[in-house]
Amino acid sequence: MSPLADAVLTFCRHHLARDARRPLIVGVQGPQGAGKTTVTRALIDALPAAGLTGTTVSVDDFYMTRAGQLAMADAHPGHPLLEHRGYPGTHDISLGDSTLAALRAGAGPVAVPVYDKSAHGGRGDRLPETAWRVVAPPLDLVLVEGWMLGFEPVDEATLESPWLVAPNRALAAYAAWHRWIDVWVVLRARDPEYVLTWRVEAEEKMKASGKPGLSRADIEDYIRRFLPAYRTWGGAPRATPDDRCLEFTINLDRSVNRSR
């Protein structure tokens, strides 16, 4: 495993040893392309050797359906941050809450939604329920990853753009997700502009695999819309105790430095 994945596994095992509740739900926050999915997959692969079981969940799979997203865009005509999926306000909060609640309960198999980012020419859509993943208990760990997981509203007077007002207000509803998270792993880009490079790389890789995707111009336009979010929000929820948050700074080459 990479040093980052190894550090996260050590952190999770520490909390598994001190917390009796199962599964331990770990929130993994980091910007697009920072390596969240790579880290969580490495952890899942390493769990059997540690005598543990687990699964991953991405908040991307809780995006609204394409029809719901189009309705959101129609309700906010001309709003550049709510035109497409991504920003707070473009997720199905109830779906995410019920999925996390079912995983926590561990009473039986859980159908986890699946979102196809390549659908509709790269604009994305949720797959029908028949194509969702089924996760069966018992589980020791549930790794929940997302670029804006943990974001909380800030004082509107501090917002750099009026376009951020609606997403900022929408963030209050995401507390329904945060209440399930036991501990946090936060990856911060040293410079938010790194996200553009990382996301273009990911989009080009997806297209090279044969899946449809956005053009380079469209993906750059799409990602630049997120840069104000990284400057405005970020980190674990403010009430999180220091010993329940593991934080790293990510360099352009994805090398890491531990922050706390």
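**Notes on the predicted model**

1. Start with H120, which counts as partly exposed because its relative accessibility is 48%. The model is a predicted one, so keep that in mind for everything below. H120 is part of helix α5, which covers residues 119-122. What makes H120 worth a look is its backbone: phi is positive, about 55 degrees, although the residue is not a glycine.

2. R254 is another non-glycine residue with a positive phi, in this case about 70 degrees. R254 is in a loop, the one linking β9 (245-250) with β10 (256-258). Its relative accessibility comes to 35%, so R254 counts as partly exposed.

3. Stepping back to the whole protein chain, you'll find ten helices and ten strands. The radius of gyration is 18 Å, close to the 18 Å from the globule rule for 260 residues, so the chain is as compact as a globular protein of that length. If you want a rough box for a figure, the C-alpha trace spans about 50 × 40 × 40 Å along its principal axes.

4. On burial, 53% of the 260 residues in the protein chain count as buried. As for contacts, take those with a separation of 6 or more: 76% of them are between residues 24 or more positions apart.

5. Now the helix pairs. Helix α1 (residues 3-18) packs with helix α2 (residues 36-46) at an angle of about 60 degrees, and the two axes are 9 Å apart. An angle of about 60 degrees is outside the 65 to 115 range for roughly perpendicular, and α1 and α2 are therefore oblique to each other. Their crossing is right-handed.

6. Who touches whom there? From α1 the contact takes L4, A5, V8, L9 and C12, and from α2 it takes V39, A42, L43 and A46. Sorted by class, the residues of the α1 contact with α2 come out as nine nonpolar, no polar and no charged.

7. The other pair to look at is helix α8 (residues 194-208) with helix α9 (residues 216-224), whose axes come within 10 Å and cross at roughly 140 degrees. That angle makes α8 oblique to α9, because the label roughly antiparallel is kept for angles over 145. The crossing of α8 and α9 is right-handed.

8. The residues at the α8 and α9 contact are V195, L196, R199, V200, E203, E204 and K207 on the α8 side, meeting R216, I219, E220, I223 and R224 on the α9 side. By class, the contact of α8 with α9 has five nonpolar, no polar and seven charged residues. Worth setting beside that is the contact of α1 with α2, with its nine nonpolar, no polar and no charged.

9. There are cis peptide bonds to check by eye. One joins R22 and P23, with omega at about 0 degrees. P23 is placed in the loop between α1 and β1 (24-29). Another cis bond runs from P137 to P138, with omega near 5 degrees. P138 is in the loop between β6 and β7.

10. That second loop also holds D140, between β6 (133-135) and β7 (141-146). Is D140 buried or exposed? With 17% relative accessibility, D140 counts as buried, because the cut-off for buried is under 20%. Apart from neighbours within four places in sequence, D140 contacts L16, R22, P23, L24, G51, L52 and T53. Note that this list includes R22 and P23, the residues joined by a cis peptide bond.

11. Last, D19. This residue is in the loop between α1 and β1, the loop where P23 is also placed. D19 has a relative accessible area of 14%, so D19 is buried. Which residues does D19 contact, leaving aside neighbours within four places in sequence? They are L24 and R244. L24 also turns up among the contacts of D140.

12. For a sense of scale, try D19 and L196: they are 177 residues apart in sequence, and from C-alpha to C-alpha the distance in space is 38 Å. L196 is one of the α8 residues that meet α9, while D19 is in the loop between α1 and β1.

Notes:
Residues are numbered from 1 along each chain as its sequence is written. This is a predicted model: local features need pLDDT of at least 70, side-chain atom pairs count only at pLDDT 80 or more; totals for chains, interfaces and linings use all residues. Side-chain values use heavy atoms; hydrogens and water are left out. Axes are lines fitted to C-alpha atoms, for helices over the stretch in contact, and angles run from 0 to 180 degrees between N-to-C directions. Helices (H or I, at least four residues) and strands (E, at least two) are DSSP runs, numbered from the N terminus. Angles under 35 degrees count as roughly parallel, over 145 as roughly antiparallel, 65 to 115 as roughly perpendicular and the rest as oblique. A crossing is left-handed if the near helix is turned anticlockwise from the far one by less than a right angle, and right-handed if clockwise. Contact means heavy atoms within 4.5 Å. Ala, Val, Leu, Ile, Met, Phe, Trp, Tyr, Cys and Pro count as nonpolar, Asp, Glu, Lys and Arg as charged, and the others, Gly among them, as polar. The radius of gyration is taken over C-alpha atoms; the globule rule is 2.2 Å times the number of residues to the power 0.38. Buried means under 20% relative accessible area, exposed over 50%, partly exposed in between (1.4 Å probe, protein chains only).
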